[in-house]
Amino acid sequence: KKSTLFACKAALQQAMTDNADIIFLEYSGSGRTNNILLNTVDFYEKVFFARKNECDGSPEVESIVNGFKLKNTLHFKVCGVNTDACVQYTAVGLSVTFTNSVVEVLAKACNSEIDHEYGLYVMGTYDNIFVNKKAA
């Protein structure tokens, strides 16, 4: 969806303004990240990439955080597809792995082929997951 793509782009632009680390997770066998998003971060130095073989990408995020000794792990912003699968499992995994962190799911920067709203609902039942339906 174009609206999801542009919301993700806006989230990336905000992350760069905030000097935040950006981690792209790509599901093995599902293709590369959209070129519009890749071009958005083209000259930004704090970008990391990982391939994952399961819906939950939190182990890959944890490996990047530990391997590169990233400091800002108190707040994660999550966006992407599919809300009720990869986004949900990764957000929940992050909330369990980084228990002192807030995991913010940017609802407008997520979509699903099956049930976007259900994925948002499930994530919203966790204490340290904040489903942000306003910001991109």
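**Accessibility and conventions.** Buried residues have under 20% relative accessible area, exposed residues over 50%, and partly exposed residues lie in between (1.4 Å probe, protein chains only). The views show a predicted model, in which local features need pLDDT of at least 70 and side-chain atom pairs count only at pLDDT 80 or more, while totals for chains, interfaces and linings use all residues. Residues are numbered from 1 along each chain as its sequence is written, and side-chain values use heavy atoms, with hydrogens and water left out.

**View A. The cis peptide bond between valine 81 and asparagine 82**. The bond that joins valine 81 to asparagine 82 has an omega of about -10 degrees. Asparagine 82 belongs to the loop between S3 and H4. Helices (DSSP H or I, at least four residues) and strands (E, at least two) are numbered from the N terminus. Most peptide bonds are trans.

**View B. The backbone at asparagine 19, in the loop between H1 and S1**. Asparagine 19 is not a glycine, yet its phi is positive, at about 60 degrees. With a relative accessible area of 48%, asparagine 19 is partly exposed. The loop that holds asparagine 19 runs between helix H1 and strand S1. Most residues other than glycine have a negative phi.

**View C. The backbone at lysine 69, in the loop between H3 and S3**. Lysine 69 is a residue other than glycine and has a positive phi, near 50 degrees. Its relative accessibility of 60% makes lysine 69 exposed. The loop between H3 and S3, where lysine 69 is found, also contains phenylalanine 68, the subject of the next view.

**View D. The aromatic pair of phenylalanine 48 and phenylalanine 68**. The structure holds four aromatic pairs; rings of Phe, Tyr and Trp (its six-membered ring) pair if their centres lie within 6.5 Å, with planes under 30 degrees apart counted as stacked, over 60 as edge-to-face and the rest as tilted. One of the pairs is that of phenylalanine 48 and phenylalanine 68, which is tilted, with 4.7 Å centre to centre and 50 degrees between the planes. Phenylalanine 48 lies in strand S2 (residues 47–52) and phenylalanine 68 in the loop between H3 and S3, so the pair ties together parts that are 20 residues apart in sequence. Phenylalanine 48 is buried, at 12% relative accessible area, whereas phenylalanine 68 is exposed, at 56%.

**View E. The aromatic pair of tyrosine 118 and tyrosine 121**. The planes of these two rings are at 35 degrees and their centres 6.3 Å apart, so the pair is tilted. Both tyrosines lie in helix H5, where tyrosine 118 and tyrosine 121 are three residues apart, about one turn of the helix. Tyrosine 118 has a relative accessible area of 47% and is partly exposed. Tyrosine 121 has a relative accessible area of 55% and is exposed.

**View F. The buried side of helix H5**. Helix H5 covers residues 116–124, and its buried residues are Gly119, Leu120, Val122 and Met123. The arc of these residues around the axis is only 160 degrees, so they are on the same side of H5; the arc is that of the directions from the helix axis to the C-beta atoms. H4, S4 and strand S5 (129–132) are among the elements that cover the buried residues of H5, with contact meaning heavy atoms within 4.5 Å.
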